[in-house]
Amino acid sequence: MIDLFRQLSERIKENRPSILITITRTRGATPGKTGFKILIGEEGRITGTIGGGAVEFHAIDKCKELIKSDSTYYNEIIQLVDNDKGKGEKVNLKKESDTSLSGTTKIVLPAWCGGEVELFYEIYRNQNILYVFGAGHVGEAVSVLAVRHGFYVELFDNRKDILDELSDNSYSKKHLIEYPPAQFDYKLDPKGYVLIVTQSHRHDLPMLDFLLKNYPDFKYIGMIGSKLKVKECVLSLKEKYGKDIAFDNLYAPVGIDIGGDTPLDISLAIIAEIFAVINNKKATHLRLNYSEI
């Protein structure tokens, strides 16, 4: 049991979706007993058991559906029906009834034991992910705020000394990389949010190029810089790709207009902008109208 909770804690820290299932009640003969637990991830069973057999196979299959949903918990009563000794009904496939008023779904599964088991699913889903390219003053300030507001933050930089100086509470993970056009071997979650705040324009443009072309489904790619710098970047990409590139998810210059130019001011403006995008709220963005460039 200790190992199960240790693994759950590690998976939450690593931002890996997980579901903890507990048997909360049994009636009659069942393969699992009250209190049995199993931990399941996207890859299937991780550790623990709720008795094996049809119940456990069904639970693992159900978790694949729940991980993709917006649910935070799920309750289910499973009736185990003997195929040979049932009341004239041979049950070959699982049958779900409508969800009851208590929010508990009832399901029928074929099994010889003929009992009943109630399962409680606790769903630990991914936090919002923020990828920050550039761990300098602004990148670190944004990361600290983002972590405090529940984001899972991955920091990328090509300077080992800068990464080594970061405080542990300013990120979830950090990576020493070479920026594109060097090979980029990390797989990013397209549901995440991205901030480009490297130390140089010569890194910002190739990074933006890589992200817009390889991750067009990102809802938010913020890039720091002056209006002139942003115009030059957009013009360069338009000349390179023509109509084959879109800037709908680009927020540059980054942030909403709150005034101030310190790293703290800029980080507040950026985090506020990301939340505006997440919540689909209007804000006074500093971004340019790229169609006019």
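**Exercise 1. Find out how the chain's overall dimensions compare with those of a compact globule.**

Start with the yardstick: for 293 residues, a compact globule would have a radius of gyration near 19 Å, while this chain comes in at 25 Å. Keep in mind as you go that you're looking at a predicted model. Next, check the box: along the principal axes, the C-alpha atoms fill roughly 80 × 40 × 35 Å. For a distance inside that box, take Ile2 and Phe156, which sit 154 residues apart along the chain and have C-alpha atoms separated by 34 Å.

**Exercise 2. Take stock of the chain: its elements, its contacts, its surface and its charges.**

Count the elements to begin with, and you get 7 helices and 13 strands. Now look at burial: 46% of the 293 residues are buried. Then turn to contacts with a separation of 6 or more, where residues 24 or more positions apart account for 64%. On the outside, the chain exposes about 15700 Å², and carbon and sulfur atoms supply 51% of that area. Last come the charges: there are 38 positive and 40 negative side chains, and the centres of the two sets lie 5 Å apart.

**Exercise 3. Test whether the length of helix α7 agrees or disagrees with what its residue count predicts, then work out what the helix packs against.**

Step one is the length. Helix α7 covers residues 263–278, so its 16 residues at 1.5 Å each should span 22 Å. The end C-alpha atoms are 22 Å apart, which agrees.

Step two is the buried side of the story. The buried residues of α7 are Ser267, Ala269, Ile270, Ile271, Glu273, Ile274, Ala276 and Val277. When you read that list, it helps to know that an α-helix has 3.6 residues a turn, so residues three or four places apart point the same way.

Step three is the partners. Those buried residues pack against two strands you meet at 129–133 (β8) and 193–196 (β11), and also against helix α3 (137–148) and strand β13 (250–251).

**Exercise 4. Locate the cis peptide bonds at Pro181 and Pro253 and place each one in the fold.**

A quick reminder of the background: most residues other than glycine have a negative phi, and most peptide bonds are trans. The bond from Pro180 to Pro181 is cis, with omega near 20°. Pro181 sits in the loop between β10 (173–176) and β11. The bond from Ala252 to Pro253 is cis as well, with omega near -5°. Pro253 belongs to the loop between β13 and α7, and α7 is the helix you checked for length above.

**Exercise 5. Decide whether Asn15 is buried or exposed, and do the same for Asn280.**

Look at the backbone before the surface. Asn15 isn't a glycine, yet its phi is positive, about 65°. You'll find Asn15 in the loop between α1 and β1 (18–27). Asn280, also not a glycine, has a positive phi of about 55° and lies in the segment after α7.

Now apply the cut-offs: under 20% relative accessible area is buried, over 50% is exposed. Asn15 has 10% relative accessibility, so Asn15 is buried. Asn280 has 71%, so Asn280 is exposed.

For one more try with the same rule, take Ile2, which lies in helix α1 (residues 2–13). With a relative accessible area of 75%, Ile2 is exposed.

How values were computed:
Residues numbered from 1 in each chain as written. Predicted model: local features only at pLDDT ≥ 70, side-chain atom pairs only at ≥ 80, totals over all residues. Heavy atoms only, no water. Helix = DSSP H or I, 4+ residues; strand = E, 2+ residues; numbered from the N terminus. Rg over C-alpha atoms; globule rule 2.2 N^0.38 Å. Buried < 20%, exposed > 50% of the residue type's maximum accessible area, 1.4 Å probe, protein only. Contact = heavy atoms within 4.5 Å. Areas by Shrake-Rupley, 256 points an atom, 1.4 Å probe, with all protein chains shown as cover. Lys, Arg positive; Asp, Glu negative; His and termini not counted. Charge placed at Lys NZ, Arg CZ, Asp CG, Glu CD. Expected span 1.5 Å × (residues − 1).
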